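Please describe the strand pairing, the helix packing and one pocket of this protein. Keep it brief.

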Amino acid sequence: MGIVYDDAVMIKQSEREDEPSVITVNCPDKTGLGCDLCRIILFFGLTVVRIDVSTDGKWCYIVFWVLGKPSTRWGLLKNRLMGACPSFLLANGISYDRPDLHPPKPPDVYLLKFCCYDRRGLLHDVTEVLCELELTIKRVKVSTTPDGKVMDLFFITDSRELLHTKKRREDTCDHLKAVFGDGIISCDIEMVGPEISSSSQGPSFFSDGITEDMFNVEMLHENEDDSTAFRCPSITMDNLLSPAHTLVQIVCQDHKGLLYDVMRTFKDYNIQVSYGRLTRKGNTECELDLFIMQADGKKIVDPSKQTSLRARLQVELSRPLRLALISRGPDAELLVANPIELSGKGRPMVFHDITLALKMLDRPIFSAEIGRYGIGDREWEVYRVLLDEGDSSSASKKEIEETVWRMLMSWE
């Protein structure tokens, strides 16, 4: 990765839980850096309440005001943010450290085979342990046997890049055994090929009706009574206020990962944010003022490019995730679709939040799968959760949809 200054990332923790902590990033700039930083902050469960961004194209200065939790691992967060910062050698024009000349090696993929006796909230508890260990779930297949046992197959990658060691694998299994005690039957981890994380050819399990309901942009705002619907964001662009930049002004409903959704859109369009500010208006609305330029250092003056970018931002801020609860004969299946960046990364902690919401509802899960599919012109990570219909006290369809959606959006 090269050399990064020790003070490239500085964190000032707040003395009170209801006051924001301040994260300052001062390092060489690159297109997509804001997206990468926002994704890490989102992974650690922090809420960004304000941001200031300033860059001259070579060096950037970013300040995040974030609300954390008592359990926030600030030291680990700093290490992960430092890892996302480019080497200072980039700012001096030293070519051998350019990331495009040394593309990152895809992370090794491992299969965690975990068998135990079933109980309520089991899947979420396993997922939470893996998140605490910085293990990213790429795919999962969970099935329940008639005799009350559960076989979990997790395809995972390791943020610490240590799963090839015997100690890291043993520590992972020991953590799981500490949580589940005598309920665990077996735990094994082995390396597998990278082909398991590749996209499927198409959404073979989707009917045309389901695909249309979940992915048709025109249908996103049709049902105004839908409790999961967003208010339509206001997005304006101006090329008169700055001689070198296009100003994008966004007023929209706040939600978990809002800043990440904006920044990943810019990253996919190869757009650089030179100056930006996010502020909250009350508890439900946010304002963003972003001065941007294309990769060639010019404004966005082409009307078709402006229209395309505005339309994509409208979609990402209107429905950052897609959710549906459908009937599968006598059972119900929860589907959640998560858009994937062109870099191959997606919104973190989605499966964690889905399983947490279902645990809060005391809704048993019969089986679950995560897979990647090409749908339309984009790649999506699709979470399929088959709910156990044997519990007569189960929550209603509407209550399940609302609870899962509010957990994903961090709405009260």
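Strand β5 (residues 109-117) pairs with strand β7 (residues 149-158) in the antiparallel sense, over eight bridges. Pairing requires at least two DSSP bridges between two strands. C115 has M151 in β7 as its bridge partner. The model is predicted: local features need pLDDT of at least 70, side-chain atom pairs count only at pLDDT 80 or more, and totals for chains, interfaces and linings use all residues. Residues are numbered from 1 along each chain as its sequence is written, and side-chain values use heavy atoms, with hydrogens and water left out.

Helices (H or I, at least four residues) and strands (E, at least two) are DSSP runs, numbered from the N terminus. Angles run from 0 to 180 degrees between N-to-C directions, with axes fitted to C-alpha atoms, for helices over the stretch in contact. Contact means heavy atoms within 4.5 Å.

Two open sheets are listed here.

| Strand order | Pairing | Average turn between neighbours |
|---|---|---|
| β8-β5-β7-β6-β15-β16-β14-β13 | antiparallel | 25 degrees |
| β1-β2-β4-β3-β11-β12-β10-β9 | antiparallel | 15 degrees |

In the sheet with β5, β8 (184-192) and β13 (322-328) are the edges; each has a single partner strand, so one side of each lacks a neighbour in the sheet. α3 lies across β5, β6 (135-144), β7 and β15 (365-375), at about 25 degrees to β7. α8 also packs on the sheet. It touches β6, β7, β14 (331-339), β15 and β16 (378-387), and its direction makes about 25 degrees with that of β16.

Helix α3 (residues 122-132) and helix α8 (residues 350-360) pack against each other at about 145 degrees, with axes 8 Å apart. L123, H124, D125, T127, E128 and C131 in α3 meet F351, H352, T355, L356 and K359 in α8.

In the other sheet, nine bridges join β11 to the antiparallel strand β12 (residues 285-293). K281 has E285 in β12 as its bridge partner. α1 packs on this sheet, touching β2 (21-28), β3 and β4 (59-67).

Which residues are closest to the centre of the second largest pocket? They are G45, T47, K69, K256 and S410, out of 45 that line it. A pocket is an open set of points on a 1 Å grid over the protein atoms alone, where a 1.4 Å probe fits, with protein on both sides within 12 Å along at least five of seven lines; lining residues have an atom within 4 Å of a point. Among the elements that each supply at least two lining residues are α1 (33-43), α3, α8 and α9 (397-409).
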